[in-house]
Amino acid sequence: MHSPRPSNEASVTGKEKPPPVRGARENAKSWGGNDIRETFLRFFESKGHRRVRSSSLVPHGDPTLLFTNAGMNQFKDVFLGLEKRDYTRATSAQKCVRAGGKHNDLENVGFTKRHHTFFEMLGNFSFGDYFKKEAIAYAWELVTSPEWFAIEKNKLYATVFGGAEVAPGTTLGVDEEAKSHWLAQKVPADRIFAIPGLKENFWAMGDTGPCGPCSEIHYDMGSEASDLGHGVTAPECKFPCDCGRFVEIWNLVFMQFNRGESGKLTPLPKPCVDTGMGLERVAAVLQNKISNYETDLFQPLMKRAAELCGLDLNREEVIEEGRGGAASLRVIADHARATTFLVADGVLPSNDGRGYVLRKIIRRAVWHGRLLGSKGPFLTEMVVAVRALMHNAYPDLFGPSASHLLKAVNEEEKRFSHTLEFGNQSLVTEMHRVLFDQMSEYLDADPSRLEQVRRRDTDAQGRSKSGTDYALVKSVFEDGADAIRLSDSSRLSLAQAIRAASGHTFIFPGDRAFWLYETFGLPRDFIEDVVRDAGISFDDSGFEKAMEEQRTRARRQSSFKADSHLITEKQAHFRKLGETFKTEPDFYFGTSAKDCRIEAIILTGGARRADTKSGLVNELKAGESGEVILDRTAIYPESGGQVADTGAFYDNSESRELAEVKGASYPVAGLIAHKVVAKETLRVGDRVAVVADAERRARIIRNHTGTHLVHAALRNILGTHVKQSGSLNAPERLRFDFSHFAHVDAEELRDIEQQVNEEIRLNTEIETNVTSLEDALASGALAFFGDKYPEHNVRVVTIPDPRAARGFYSKELCGGTHVQRVGDIGVLKIVSEESVAAGVRRVEAVTGIGALEHYQQQAQVLRQLASQLNVGEDAVLAQVEKLSQTAKQLEKQLEAQKRKGALDQLDELASRVQTVKGVKVIAAEVENVDREGLRQLVDSLRQKLGSGVVALGMPENGKVALIAGVTKDLTAKVHAGKLIQALAKQVGGSGGGRPDLAEAGGKDTTGLKMALQSVPSLIESLL
Ligand SMILES: [Zn+2]
Ligand SMILES: [Zn+2]
């Protein structure tokens, strides 16, 4: 494999002692990350290499690759001989991202020393120029020369390919050639290791193509870097032990052979070199650190993250227990780097592909920030910090292509914070409820378990890090104190102690996760992350099952919607008709056409006549509905976002109306079907006059041309990333959906409106012409690629503007109908702007008469408001403010009343006690309390009773909340969880809980009274 792999790293364990001074430190120079990058490039420049800029993180022309992940990506075609450059030696510092693939789990990042999503790869490349000898000599000089990195030679090891079967039947031996070159550099023979096998020291571009052996340089970090304690708590180890002590810093790939289809290797006429040195690793070495995160590439970012979360980085590092605050800070630092560079390279958060990986990275970062207590949009601030740290090496971070960087990150951060706001509390509550139930089950099963857990926990936590208050735990689990007293954090620490002491695993049920996913839109992988970070396993198969059940329900509902049999039959007719002729579109020239021949009629609307089985008929009688195909028509069929015309069929003298036309469509390309209701008999072969509703058409085309203007203005003002993702041109208004990562603010909307109206006043004449797709695109026409266009005969609609350099304001591929002169629109007014999906905005606007109606309506609303408020129109705002103040005060008073009401209910409820076989029972409906109030009421009532059963219910936002409490002395007979299950069934819900306290929800408010009335008999049956 090629270049340092961030995988297979053992996790960071415990606190790290400051390492003793090692070889690198003796080199007096202090090496910053930026110096290292620059020195590397300068070294190779001095050896005749061309310094080549990093390519984008989005690989061009390589669909097999999600992100650029190695320095050689941008040279792939050069290596393959498909492309020639004017240099044969190159060096680069390449931005790389590894995330989202199978081999790269985001979850390791931050919890190990050397996992990153974003990293930089330093490399030198020879395209048929030098080979092994020079590559090895250069590498050794840069790494060890006192002039350059000056790493002590006795800390270094070299590896060479040790032989393997590289293709079926073809075996290569040890790379003696490379070995001899290392020896020539005076590397001692006992420090050169031949590693056999394909995994470590053999590289191939694919199953066929260039391949060859590798040589690597490894650095000895010393025994304190061993994750297994080799040389500290366990015996010392030797190279190449993979305990973390020996770190690969440079990989030299020698492209020596071509592997053919048959697997046969033939030597390449011009062998090549491709090397990769991970900047973060070499920085750790030169800065005398064990973890990459301790280098100056990360520390300023972690400090900034701590600051933004109100923490002290040094303190977090000290108290870290492998998963503590410092781990979250590392996650944030890493993810902020990846986010900055991905967005700057044009990736935007979305639901698939690269955008989805970015979205996951941003969400993880935001979540970890939340964990540490961040409030505001802190990831955006982190991006600012990354940019400040990196822009010298990557000036593009301030370039025009990155102008949207902060905006895009901020928008996604806000979006996710919003989701969290609604779902997060429910997730946390649910998680703690699950934990508590499963802990109860575990501890109740064997009374000695709690004591075992306590003993092991206190032994293990000699430094008294334990957050568990065992006296409190005991009082809850053994003596029946109320579970509410156990805080969230003590639940977590107790769960952790149980896990550590017994290996017991807690599982987050899949159906609960699915509920959170469905109800609050919390992403599944996010839920997984959160519960896993709390040490709870995620129930994958349960989630899948819940999802599948949901799909089945949805399918069942939709299968009644359409008579699929009829649809296919009709489609078959249309397809057959479409083979023989096409309807001529006369709608481009006006709103009426004479002498149009009826070519076919299909009976619709459920009527089935004896003379037809298939729906295809020869005539349509008065009163019947059908679809009529004509050879020509003036009716515009719905397409390209423009709604269909309505109108009528007349006889050719236009004196008798024959049918009403309710709409039209293209059932297959080129064929127009009119939806009609016949007023007189229509026969195949008849000739009719077709008349579209001209007033309605006029409104539609004003909106359609308006849409083209709005599209152009959006691109002028917001940027050319704006792409149409849908539109609607109706008589009442126009709607335009487009890709954009941020809210369009009021000022931008005003600019758009002004620019559009200026074009309208210019009143140029609209041009349409028909040309080939290729010519249309070459002339600068915008195409909406959600649609398929024919190769030839595409219509181009141009709104000219003599002031523009290109001679036009707008040019689009469009099959719709338009006004003659732009001035026909009159005026265009934007009436709304909103988000319709992630990264998709929608504007709506009105034109012409519609705009006038809009103004009139608004004026009337204002008049009515003023009259209602009994003030002048200019005083409306002040009056409304005054009223809203009053309303707020009243709400506060009402809140206070409610709280008092809940307390008042207590006595009233207590007085409703009844006795069932000697057990005191209260079952009642309450109102005006929240969930927390409900729990407190149950608690207070249990205390008042001393011994008894309490069941309360209340309607809540159209649903039902139920709670049951049983005093400890009765739980052996009456199990609150079972009682609540029986009650929940009666209100169409489900629930459960502990023997002494259980909650449930239901959908059927009408069943609440009956359910509560059934409590005494339910209890009676249990006693
Ligand atoms: Zn070891
Ligand atoms: Zn159009």
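Start with M954. Its bridge partner in β35 is A961. Keep in mind that this is a predicted model. M954 belongs to strand β34, residues 949-956. Strands β34 and β35 pair in the antiparallel sense, over 8 bridges. Between them is a hairpin with 2 residues between the strands. One residue to look at there is N957, which takes a positive phi near 50 degrees.

Now β35 itself, residues 959-966. What joins β35 to β37? The answer is 6 bridges, and the two strands run antiparallel. Strand β37 covers residues 997-1002. For a concrete pair, take L962: its bridge partner in β37 is A1000. So β35 pairs with β34 and with β37. How many of the residues of β35 are buried? It is 7 of the 8, so the strand is largely enclosed by the rest of the structure.

Next, the metals. The zinc ion that is ligand 1 has these donors: H230 through ND1, and C237, C241 and C243 through SG. The distances are 2.1 to 2.4 Å. Why is the arrangement tetrahedral? Because the 4 donor atoms subtend angles of 99 to 124 degrees around the zinc ion. Tetrahedral here requires all angles to lie between 85 and 135 degrees. In sequence, the spacing of the donor residues reads H-x6-C-x3-C-x1-C. H230 and C243 both lie in the loop between β9 (209-220) and β10 (246-259), so this pair ties together parts that are 13 residues apart in sequence. Are these two buried or exposed? H230 has a relative accessible area of 15%, which makes it buried. C243 is at 2% and also counts as buried. The cut-off for buried is under 20%.

The zinc ion that is ligand 2 comes next. Which residues coordinate it? They are H704 and H708, each through NE2, and C814 through SG. The distances are 2.0 to 2.3 Å. The donor spacing is H-x3-H-x105-C. Here the pair of H708 and C814 links distant parts of the chain, 106 residues apart. H708 sits in helix α21, residues 694-718. C814 sits in the loop between β29 (808-813) and β30 (828-837). H708 is buried, at a relative accessible area of 2%. C814, at 10%, counts as buried too.

That loop leads us to β30, and to a sheet. Its order is β25-β26-β31-β30. It is an open sheet of 4 strands with antiparallel pairing. Which strands are at the edge? They are β25 (724-729) and β30, and each pairs on one side only. From one strand to the next, the twist averages 15 degrees. Look closer at β30 and β31, the latter being residues 840-847. These two pair in the antiparallel sense over 8 bridges. Within that pairing, E834 has R842 in β31 as its bridge partner. As a reminder, strands of a sheet pair through backbone hydrogen bonds.

Last, two helices. Find α2, residues 33-45, and α4, residues 132-144. Their axes come within 11 Å. The crossing angle is roughly 135 degrees, which makes α2 oblique to α4. The crossing of α2 past α4 is right-handed.

How values were computed: Residues numbered from 1 in each chain as written. Chains lettered and ligands numbered in written order. Predicted model: local features only at pLDDT ≥ 70, side-chain atom pairs only at ≥ 80, totals over all residues. Heavy atoms only, no water. Donors = N, O, S within 2.8 Å, 3.2 Å for Na, K, Ca; no water. Tetrahedral: all angles 85-135°; square planar, octahedral: opposite > 155°, others 65-115°. Buried < 20%, exposed > 50% of the residue type's maximum accessible area, 1.4 Å probe, protein only. Pairing = 2+ DSSP bridges. Axes fitted to C-alpha atoms, helices over the stretch in contact; angles between N-to-C directions. Parallel < 35°, antiparallel > 145°, perpendicular 65-115°, else oblique. Left-handed = near helix turned anticlockwise from the far one by under 90°.
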